[in-house]
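Colleague: Got a minute to go through this model with me? I'd like to start with the pocket.

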Amino acid sequence: SSKIKYEYGERNRLIVLIENYHLLTLFFIFPAWLFMEIGVVTMSLLKGWWAEKIRGYLYVIKNLPAILKTRQRHQALRKTTERIVVECFSGIIAYQEEPSVLLKAVNPIFNLYWRIVRLFIVW
């Protein structure tokens, strides 16, 4: 169902962050992620998929030991630097289902934040 895609999408988004990014990168992106997460939680409340959002969080919490084990494996197998990886990233939030005036206002701020943060990611 369409609600299941929210649960899996939210769950997988968190898992990808935890498993794949350097701890310092996570530190630098945390403020923007938190701001965005507040928006996503708000949207989940308004759109009626908050239960799926919570199930996504609970899945990550319940499976954190396995996720961290996979993180160790991913970090050990890395062949490129984090700097090269993040060069491909964009500071734009593209929510395709429903373009928002709020995103038009927030995207320039996120883009500037990401351009600045990217300068500090040298590992």
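**The pocket**

Modeller: The largest pocket has a volume of about 1300 Å³. A pocket here is an open set of points on a 1 Å grid over the protein atoms alone, where a 1.4 Å probe fits, with protein on both sides within 12 Å along at least five of seven lines. The volume is the space filled by probe spheres set on the points, which are joined across faces, edges and corners.

Colleague: Which residues are closest to its centre?

Modeller: Arg13, Met36, Val40, Ile93 and Ala94, out of 40 that line the largest pocket; lining means an atom within 4 Å of a point.

Colleague: And what's the lining like by class?

Modeller: There are 25 nonpolar, nine polar and six charged residues. Asp, Glu, Lys and Arg count as charged, and Gly is among the polar ones.

Colleague: Before I go on, what are the ground rules?

Modeller: It's a predicted model, where local features need pLDDT of at least 70 and side-chain atom pairs count only at pLDDT 80 or more, while totals for chains, interfaces and linings use all residues. Residues are numbered from 1 along each chain as its sequence is written, and side-chain values use heavy atoms, leaving out hydrogens and water.

Colleague: OK, new topic: which residues does leucine 17 contact?

Modeller: Leaving aside neighbours within four places in sequence, leucine 17 touches Leu26, Ile29 and Trp33, with contact meaning heavy atoms within 4.5 Å.

Colleague: How big a box do the C-alpha atoms fill?

Modeller: Roughly 40 × 35 × 20 Å, along the principal axes.
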